[in-house]
Amino acid sequence: MELETKAYPKFLVRTVVVVTTISERGISNAAPFSFNSPISFDPPLYGFSCNPAHDTWRNIQENGEFVVNIVGKDLAELMHVLETDYPYEDSEIAHAGLTEEEAKAVKPPRIKEAIAWIECKLEKSVELGDHIWITGNVVKAEVKDEFWKEAGVLDVERAKPLCHIAGEFFAVDMKEAKYKRAK
Ligand SMILES: Cc1cc2nc3c(=O)[nH]c(=O)nc-3n(C[C@H](O)[C@H](O)[C@H](O)COP(=O)(O)O)c2cc1C
């Protein structure tokens with residue numbers, strides 16, 4: 001099947017994150033993002049691609065901080081609430097019935113119900129196509145103990161991370177697979 005080129009993201013299944021930010025007056029904002037990726041180990045850099053019209057970008061420009069909340073299948077039904085374009089400073093976290101919790105190294109809150117949190121300070125932003133690529137310096141990384149395996153990896157079968165295909169289509173219920181490395 002040959003598709004129009006702009007349909008290519010539908011070939012790439014991506015972890016859904018909910019990015020939390022705050023306005024200058026300290027009011028929280030949350031929005032789901034799936035155009036996102038780790039970038040570098042040292043220094044630890046994380047990036048996501050944000051439409052410039054989003055409140056998330058406005059807030060990051062104001063104070064340069066954000067929290068990346070990695071979410072599970074249990075929050076799938078809330079994505080349509082979190083992606084609603086509420087007026088500026090009308091928090092999606094409250095509309096979704098989620099719980100704000102203090103972050104450890106930045107001012108925007110974490111979402112308590114998340115699997116893991118990546119707290120970031122803006123490193124740089126670049127306008128790329130119709131989005132802004134936002135790169136954050138990771139200042140804190142934490143995962144809930146019950147979703148971390150002794151082997152030092154995420155327990156995907158327990159955490160059930162939510163992945164995005166496109167629009168209202170998601171991928172869930174992954175199985176772990178471990179393969180021997182070639183010597
Ligand atoms: C699963 C999912 C993934 C999304 N991924 C992105 C994305 O990667 N980049 C983006 O700009 N918007 C994305 N959106 C749309 C935004 O979340 C949505 O427009 C939101 O209202 C923006 O909120 P804000 O204005 O509070 O920042 C996504 C929506 C959903 C439901």
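Which residue in E9 does Glu65 stand opposite? I looked this up to open the entry. Glu65 faces Lys121 in E9. The model is a predicted one, and I number residues from 1 along each chain.

**Entry 1: the seven-stranded sheet**

I traced the strand order next. Seven strands make an open sheet, in the order E3-E2-E6-E9-E10-E5-E4, and the pairing is antiparallel. E3 and strand E4 (36-40) stand at the edges with a single partner strand each, so one side of each has no neighbour in the sheet. I also looked up the twist. On average, neighbouring strands of this sheet are turned by 35° against each other, direction ignored.

Then I went through the pairs. E6 and E9 are joined by six bridges in the antiparallel sense. The Glu65 and Lys121 pair, with Lys121 in E9, was my starting point. E9 and E10 are also antiparallel, with twelve bridges. In E10, Gly136 is the residue opposite Leu122. The hairpin of E9 and E10 has two residues between the strands, and Gly129 there takes a positive phi near 60°. E4 and E5 run antiparallel and share four bridges. I noted Asn36 opposite Phe48 in E5.

**Entry 2: Glu119**

Is Glu119 buried or exposed? I checked the count. Glu119 has 24 C-beta neighbours inside 10 Å, and therefore counts as buried. Glu119 belongs to strand E9.

I listed its contacts, leaving out residues up to four places away in sequence. Glu119 touches Val67, Ala103, Lys104, Ala105, Val106, Val139 and Lys140. I also took one C-alpha separation. Glu119 and Val68 are 51 residues apart along the chain, yet their C-alpha atoms are separated by 6.3 Å.

**Entry 3: helix H1**

Which residues of H1 are buried? In this helix (residues 55-63), I found Asp55, Thr56, Trp57, Asn59 and Ile60 buried. I then asked what covers them. The cover includes strand E2 (17-22), strand E3 (28-33), strand E5 (45-50), strand E6 (65-70), strand E9 (116-128) and strand E10 (131-143).

The angle came next. H1 lies across E2, E3, E5, E6, E9 and E10, and runs at about 50° to E2. I also looked just past the helix. Gly64, just after H1, takes a positive phi of about 70°.

**Entry 4: around the ligand**

How many residues surround the ligand? I count 18, and the closest are Ala31, Phe35, His54, Asp55 and Thr56. E3, E5 and H1 are the elements that give two or more residues to this shell. E3 provides the largest share, four residues.

I sorted the shell by class. The shell holds seven nonpolar, eight polar and three charged residues. Two names recur from the helix entry: Asp55 and Thr56 are among the closest residues to the ligand, and both are buried in H1.

**Entry 5: the three-stranded sheet**

I finished with the other open sheet. Three strands form it in the order E1-E11-E12, with antiparallel pairing. Strand E1 (14-15) and strand E12 (169-171) are the edge strands, and each pairs on one side only.

Which residue in E12 stands opposite Cys163? I found Ala171 there. Strand E11 (residues 163-166) is joined to E12 by three bridges, and the two run antiparallel.

Technical notes
Predicted model: local features only at pLDDT ≥ 70, side-chain atom pairs only at ≥ 80, totals over all residues. Buried ≥ 20, exposed ≤ 12 C-beta atoms within 10 Å, placed from the backbone. Contact = placed C-beta atoms within 7 Å. Near = placed C-beta within 6 Å. Nonpolar A, V, L, I, M, F, W, Y, C, P; charged D, E, K, R; others polar. Pairing = 2+ DSSP bridges. Axes fitted to C-alpha atoms, helices over the stretch in contact; angles between N-to-C directions.
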